[in-house]
Amino acid sequence: MENTIFSLVPPLLAIIMVLVTKRVLLSLGAGIVSAALLVESFAPVDSLTLLWESFKTSFWDEGLNTHNIYILLFILLLGVVTAFVSLSGGSEAFAAWAVKRIKTRRGSKLLTVFLGIIIFVDDYFNALAVGQIARPITDSHRVSRAKLAYFIDSTSAPVCVISPVSSWGAFLISQLGVIFTTHAITEYTPLQAFMLMAPMNFYVIATLSIVFFIAWTDFDILDMKKHEKRALETGQLFDMEKTNPGDLQGDFPENNYGKVIDLVLPIISLVVVTLLAMFWTGYNLSGREFNLLVIFENMNVPFSLLIGGLTASTLSILLYLRQFKTNPGANISNVWKALVTGVNSMLPAIFILVFAWALSFLINELETGAFLAKLVTENNIPVGVIPFLLFVLTAFMAFATGSSWGSFGILLPIGASIIMAIEPELLLPVLAAVLAGAVFGDHCSPISDTTIMSATGAGVNVIDHVTTQLPYAIISAVIAGIGYLVLGLTGSVMIGFISVVVMIILLFTAWRIRGKKAN
């Protein structure tokens, strides 16, 4: 079943089930079981053994899997931080402070977008940190959690994929180095190529443009419109009937003793300590060479997140303990309650991530990515449609596997090999199309870890996040796809870029006209 059309069954089954049933763990479980059965040709004992192996590798893979373990511990610690910030009254105090200074919904939305852009070192860090900072402000202005998650998800990966000073940038520049060595490319360095590819990433351009437009206006469509209307009219920011990891409102006794520093200091410590740990680990692992690109290529992001999470959670606990002298309601029993509730609030996200990792392991065993790549390499394709086709194929691969980085690893070298044999001048546009497609597929996939992280950071159900973000992602993808077709058929990056800009302007104009008619 490996490297055949049957390898598409497990990811498609999981995705279809999650959209139909709205039950993420059940759907992921179905995908995992079907994948194990296909890999082992439906042999019961062997399938059970492989199932165990798929979950075990999340924690032990020829040694302790510290990458995954640190990520899971960081998520739990983030729940603890959120719990103590709420318990101390920090969230309420910060919201009251912010309302006096950020007096409009537009201001709260734009602040979230700007935070998503400036915190660009890593998508995981971005998703969780921006959620912690922006949530009290957007909540106070009745911005739905679904829209908050959309802003977070649509600024994290799109900014990381075009920023050389990020974990994504370091990974991609190293990938380009391998490709350039393989094909003896000397016209530019991997860093120069990466920077030149940024304006060729049409999906990122369309996505960020639409994000700013939605933040500036009140134009919403389909499910997002329902969430926003409910938030504005009733103050209900999310679907109360669904699991909302990270939402702790109402779980702790309210008090008036909290101060803004009860929220600000833990968040600042989280950001500063994590960044310092990233640079320190990168500096050490690079042989203590003070080169930013080398540092970012070698930094240990999961370990840095863990150190930042430990610091922030410890500080948030200490800030609450200081209230023992002034707050009659502060006591040890509340400390224990906050610890337990903080951890429990993040367990749904933890389970979903572990299941997603297990499915990813089995999809890799089925060689789903290799099968999709083979569709391109074994067919005679006109050169003009190659950028568009690779954009679509990479998007589908990232959607089906839930991994943009996995899609990069498979299709960047394949795309380079195809275009270098046909039209070397289109190398960078083709590679940019692969990057764009991977981010689009990642945005649409309910089994993507960044999708899960963004929903967790915003405190909203994963499926609500997927269904509300999907229309905007598809619109951006259609614009990007047409741009890549124009680029491929004309052979001009400039004409492709101009076509994307024109389509964005036409879209905004149409939305404006529609909005005026509605009023």
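**Close-up 1. Helix α15 spans residues 301-321.** The helix holds 21 residues. From first C-alpha to last it reaches 30 Å, close to the 30 Å expected at 1.5 Å a residue. The model shown here and in the other views is predicted. Buried positions in α15 include V301, P302, S304, L305 and L306. Further along the helix, G308, G309, A312 and S313 are buried. S316, L319 and Y320 complete the buried set of α15.

**Close-up 2. Helix α6 covers residues 105-118.** Its 14 residues reach 20 Å between the first and last C-alpha. That is close to the 20 Å expected at 1.5 Å a residue. The buried residues of α6 include the charged pair of names R105 and K109. S108, L110 and T112 are buried too. So are V113, L115 and G116.

**Close-up 3. Helices α8 and α22 pack against each other.** Helix α8 runs over residues 145-160, and helix α22 over residues 462-490. Their axes lie 9 Å apart and make an angle of about 60°. An angle between 35 and 65 degrees counts as oblique, so α8 and α22 are oblique to each other. The crossing is right-handed. On the α8 side, the meeting residues are A146, A149, Y150, D153 and S154. On the α22 side, they are H465, T468, Q469 and Y472.

**Close-up 4. Q236 sits in the loop between α12 and α13.** Helix α12 covers 222-234, and helix α13 covers 261-285. Is Q236 buried, partly exposed or exposed? Its relative accessibility is 24%. Buried means under 20% and exposed means over 50%, so Q236 counts as partly exposed. Leaving aside neighbours within four places in sequence, Q236 is in contact with R230 and A231. Q236 and V143 are 93 residues apart in sequence. In space, the C-alpha atoms of Q236 and V143 are 9.5 Å apart.

**Overview. The protein has 23 helices and zero strands.** There are 519 residues, and 57% of them count as buried. Consider the contacts with a sequence separation of 6 or more: residues 24 or more positions apart account for 79% of these. The protein exposes about 20900 Å². Carbon and sulfur atoms supply 67% of that area.

Conventions:
Residues numbered from 1 in each chain as written. Predicted model: local features only at pLDDT ≥ 70, side-chain atom pairs only at ≥ 80, totals over all residues. Heavy atoms only, no water. Helix = DSSP H or I, 4+ residues; strand = E, 2+ residues; numbered from the N terminus. Expected span 1.5 Å × (residues − 1). Buried < 20%, exposed > 50% of the residue type's maximum accessible area, 1.4 Å probe, protein only. Contact = heavy atoms within 4.5 Å. Areas by Shrake-Rupley, 256 points an atom, 1.4 Å probe, with all protein chains shown as cover. Axes fitted to C-alpha atoms, helices over the stretch in contact; angles between N-to-C directions. Parallel < 35°, antiparallel > 145°, perpendicular 65-115°, else oblique. Left-handed = near helix turned anticlockwise from the far one by under 90°.
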